[in-house]
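Q: Hey, got a minute to walk me through this one? I'd like to start with a single residue and work outwards.

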Amino acid sequence: MIYLNAAGHGLPDPAVRARMIRHLQREDEIGPIQAETEATDEMASVRAKAACLIDAHEDEIALPPWTTSGWNAAVLSLPLEGRRVLVAPGEWASNIALLQRRGARIETMPLDQAGRVSVEKLAQVIDDDLAAICAPLVCSLTGERYPLREIGQLARPESCAFVVDAAQALGQVPVSVLDLNADILAAPVRKWLRGPRGTGILYVRRRWLDRMTPSLVADYGGAIWDGQTFKDRPDARRFEAMGSFAPQRLGMGVALDLYLADPQGIQTAIAGRADHVRAAAQNAGIALAGSEPLGSGIVTLRLAPDVLGPAMKHLTDAEVVVKAPQRDCEPMRDPATHDGGFLRISPHVYNTPDQIDRVFGILAAA
């Protein structure tokens, strides 16, 4: 198998799987609750590792099961009804759906003549009625990397939240909530961090916690009984469910340890493999999707619809794992500029240049 779908789910490091298996074996020996109690300290340390990963404070971190659940939990607590929300063209579909359900007035960020987000034009449309600015750091469909650092530095009202979706960024490009000046950030661990499925990270800036309405998703673990009524916890854990699946949490801790040991080395390795994909596509005369393909580990090829199907079949028959994303996963894009078919290739450190060359050999034969 040649696995080139880190953007969907990175292959977990063997050490991650080994830790999860050891815990499951321990459950067989002494029972699930006792095994989790035995691993209490190790599980508790995961929150601190997640905070270190993105330059946050530990009390600003929640550990939801995936990006969307964390993003939704935080955004549901923002006052959005009837107010303006600016979103990037590559904002994820389920995020748009939630904003619509909350009654927000959704507007797409202005673009320049080259089709890129214009920070200068964006600054001109920020006003006191703006409730939130929402954008992915890296787009899932095309791998474009938005200028979120520059957007985060724009003057915005105190009541306007900067909400960052780092699902396709965390683990392959630098992510710092301080550098981004983000108020809310959500990301999974299963993609570029190579953790287990069902693990994620949610950051909520301290000063925003007091401004947010009571969490609609808080369960007994996210609320505190004060003798008369329940109140949200004062920290970001208000957005967590009470329980967690111990093997996943422990596997997540190992994945974070492995990344934190050499983040720059991993980022450099991923960028190098993605550059190799771009060079191979150029040599094959295959166009790339997106106006800013550089700076991301995601490389998306643009293929004619009648070519995409046969190409995917040849790759599948050769046990090559890639992704053919649908355009409606990022519905705010201009359809006229994203016609045709998409074939997304997202390599990681476990891929070799030879594997990438073999894939393009298969595409040429197709």
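A: Sure, and keep in mind that this is a predicted model. Let's start with Ser 140, which sits in the loop between β5 (130-136) and α8 (148-152).

Q: Is Ser 140 buried or exposed?
A: Ser 140 is buried, because its relative accessibility is 10% and buried means under 20%.

Q: What does Ser 140 touch, apart from residues up to four places away in sequence?
A: Ser 140 touches Trp 92, Gln 168, Ile 298, Glu 330 and Arg 344.

Q: And how far is Ser 140 from Asp 127, 13 residues apart along the chain?
A: Their C-alpha atoms are separated by 29 Å.

Q: OK, new topic: helices. What can you tell me about the length of α13?
A: Helix α13 covers residues 305-317, so it has 13 residues and should span 18 Å at 1.5 Å a residue. Its end C-alpha atoms are 19 Å apart, which agrees.

Q: Which residues of α13 are buried?
A: Those are Leu 308, Ala 311, Met 312 and Leu 315. They cover an arc of only 100 degrees around the axis, so they sit on the same side of α13.

Q: Why would residues spaced like that point the same way?
A: An α-helix has 3.6 residues a turn, so residues three or four places apart point the same way.

Q: Then what's exposed on the other side of α13?
A: You'll find Asp 306, Lys 313 and Asp 317 exposed there.

Q: What covers the buried residues of α13?
A: The cover includes three strands, β11 (299-303), β12 (320-321) and β13 (341-345), plus the helix α14 (353-365).

Q: How do α13 and α14 cross?
A: Their axes come within 9 Å and cross at roughly 135 degrees. That angle makes α13 and α14 oblique to each other, and the crossing is right-handed. On the α13 side, Ala 311, His 314 and Leu 315 make the contact, and on the α14 side it's Val 359, Ile 362 and Leu 363.

Q: What about α14 itself, how many residues does it have?
A: α14 has 13 residues, and from its first C-alpha to its last it reaches 19 Å, close to the 18 Å expected at 1.5 Å a residue.

Q: Which residues of α14 are buried?
A: Gln 355, Ile 356, Val 359, Phe 360, Ile 362 and Leu 363 are buried in α14. Looking down the axis, these buried residues fall within an arc of 150 degrees, so they line one face of the helix. The face turned away from that buried side has Ala 364 and Ala 365 as exposed residues.

Q: And what covers the buried residues of α14?
A: The list includes β1 (2-3), α12, β11, α13, β12 and β13.

Q: You mentioned α12. How does α12 pack with α14?
A: α12 (residues 263-283) packs with α14 at an angle of about 30 degrees, with their axes 10 Å apart. So α12 and α14 are roughly parallel to each other, and α12 passes α14 in a right-handed crossing. The α12 residues in the contact are Arg 273, His 276, Val 277, Ala 280 and Ala 281, and they meet Pro 353, Ile 356, Asp 357 and Phe 360 of α14.

Q: Switching again: how do α2 and α11 cross?
A: The axes of α2 (residues 14-30) and α11 (residues 246-261) come within 8 Å and cross at roughly 150 degrees. That makes α2 roughly antiparallel to α11. Residues in this contact include Val 16, His 23 and Leu 24 of α2, along with Pro 247, Leu 250 and Val 254 of α11. The crossing is right-handed.

Q: Is His 23 buried or exposed?
A: His 23 is buried, with a relative accessible area of 3%. Leaving aside neighbours within four places in sequence, His 23 is in contact with Ala 35, Glu 36, Ala 39, Ala 246, Pro 247 and Leu 250.

Q: Last thing: where is Asn 181, and what's its phi?
A: Asn 181 is in the loop between α9 (177-180) and β7 (184-188). Its phi is near 60 degrees, a positive value in a residue other than glycine. Asn 181 counts as partly exposed, at 22% relative accessibility.

Q: And Arg 194, buried or exposed?
A: Arg 194 counts as buried, at 14% relative accessibility. Arg 194 lies in the loop between β7 and β8 (200-204), and its phi is positive, near 60 degrees.

Key
Residues numbered from 1 in each chain as written. Predicted model: local features only at pLDDT ≥ 70, side-chain atom pairs only at ≥ 80, totals over all residues. Heavy atoms only, no water. Helix = DSSP H or I, 4+ residues; strand = E, 2+ residues; numbered from the N terminus. Expected span 1.5 Å × (residues − 1). Buried < 20%, exposed > 50% of the residue type's maximum accessible area, 1.4 Å probe, protein only. Arc of directions from axis to C-beta. Contact = heavy atoms within 4.5 Å. Axes fitted to C-alpha atoms, helices over the stretch in contact; angles between N-to-C directions. Parallel < 35°, antiparallel > 145°, perpendicular 65-115°, else oblique. Left-handed = near helix turned anticlockwise from the far one by under 90°.
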